[in-house]
Amino acid sequence: MNPEIQSPTRAAPPPPPDGSRGWVGPGGRRARWLEPFLLRLVAEGEAHGGALIARLNELCLAPDGVDVGMAYRTLREFEAEGLVSSAWVTDDGPPRRTYRLTDAGRVALDEWIAVMHERARLIDAFLTGTERLGRGEGG
């Protein structure tokens, strides 16, 4: 699998009109992390959207908190793609939609795991090179 693919379940979007490769600088958006983390959290156990968003915020996925609308849109997209299934639960209090990972979702999560391992390798290579620069070993 090509590690530059943004999402293993969707085609890569076209490049931005400014010709950049879509890179977001330090302090930029972290929305690209939303899909793999949502899949991972749903894989940990059935949960409703509010609980998933709270767990995403505990992970500090976004400096100002996760965009709630984006999280719910992503869950709906996952459901449309067959990656998660949902059901309304009315047991304790108001009705809530709970999400469960499907077999297709597990395959997508496994693909994301491979992508994240490659990203971790690249981040390690970047940091190792940066540490050498700090020791005066650079050109």
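**Strands, helices and one serine**

Q: How do you know that E1 and E3 pair?
A: Count the bridges: E1 and E3 share 2 of them, in the antiparallel sense. Pairing takes at least two bridges, so these strands qualify. Ala47 stands opposite Tyr99 in E3. Keep in mind that this is a predicted model.

Q: What makes E2 and E3 a pair, and which way do they run?
A: E2 is joined to E3, residues 96-101, by 6 bridges, and the two run antiparallel. The cut-off is at least two bridges, so E2 and E3 pair. Want to find them in the structure? Look for Ser85 opposite Arg100 of E3, and for Ala87, whose bridge partner in E3 is Thr98.

Q: Why are E1 and E2 called edge strands?
A: The sheet is an open one with 3 strands, in the order E1-E3-E2, and its pairing is antiparallel. Strand E1 (47-48) and strand E2 (84-89) each pair on one side only, which puts them at the edges. As for what holds such an arrangement together, strands of a sheet pair through backbone hydrogen bonds.

Q: What makes Gly93 worth a look in the hairpin of E2 and E3?
A: Its backbone: Gly93 takes a positive phi near 90°. That hairpin has 6 residues between the strands.

Q: How do you know that H1 packs on the sheet, and which strands does it touch?
A: Helix H1, residues 34-44, touches E2 and E3. Its direction makes about 95° with that of E3. Angles from 65 to 115 degrees count as roughly perpendicular, so H1 and E3 earn that label.

Q: Why is H1 called oblique to H2?
A: The axes of H1 and H2 cross at roughly 120° and come within 10 Å. Roughly perpendicular ends at 115 and roughly antiparallel starts over 145, so H1 is oblique to H2. The crossing is right-handed.

Q: Which residues make the contact of H1 with H2?
A: From H1 it's Leu34, Phe37, Leu38, Leu41, Val42 and Glu44; from H2 it's Leu52, Arg55 and Leu56. By class that gives 7 nonpolar, no polar and 2 charged residues. Glu and Arg count as charged, so Glu44 and Arg55 are those 2.

Q: What makes H2 and H3 oblique to each other?
A: Helix H2 (residues 49-58) packs against helix H3 (residues 68-80) at about 120°, with the axes 11 Å apart. That angle again lies between 115 and 145, so H2 and H3 are oblique. H2 and H3 also cross in the right-handed sense.

Q: How many residues of each class does the contact of H2 with H3 have?
A: It has 6 nonpolar, 2 polar and no charged residues. H2 brings Gly49, Gly50, Leu52 and Ile53, while H3 brings Val68, Ala71, Tyr72 and Leu75. Gly counts as polar, so Gly49 and Gly50 are the 2 polar ones.

Q: How do you know that the side chain of Ser86 makes polar contacts?
A: Check the distances: 2.7 Å to the side chain of Glu79 and 2.8 Å to the side chain of Arg97. The limit is 3.5 Å, so both pairs fall within it.

Q: Where is Ser86, and what does it touch?
A: Ser86 sits in strand E2. Leaving out residues up to four places away in sequence, Ser86 touches Glu79, Arg97, Thr98 and Tyr99. The C-alpha atoms of Ser86 and His48 are 8.8 Å apart, with 38 residues separating the two along the chain.

Terms used: Residues numbered from 1 in each chain as written. Predicted model: local features only at pLDDT ≥ 70, side-chain atom pairs only at ≥ 80, totals over all residues. Heavy atoms only, no water. Helix = DSSP H or I, 4+ residues; strand = E, 2+ residues; numbered from the N terminus. Contact = heavy atoms within 4.5 Å. Axes fitted to C-alpha atoms, helices over the stretch in contact; angles between N-to-C directions. Polar contact = N/O pair within 3.5 Å; in protein donor to acceptor, adjacent residues only side chain to side chain. Parallel < 35°, antiparallel > 145°, perpendicular 65-115°, else oblique. Left-handed = near helix turned anticlockwise from the far one by under 90°.
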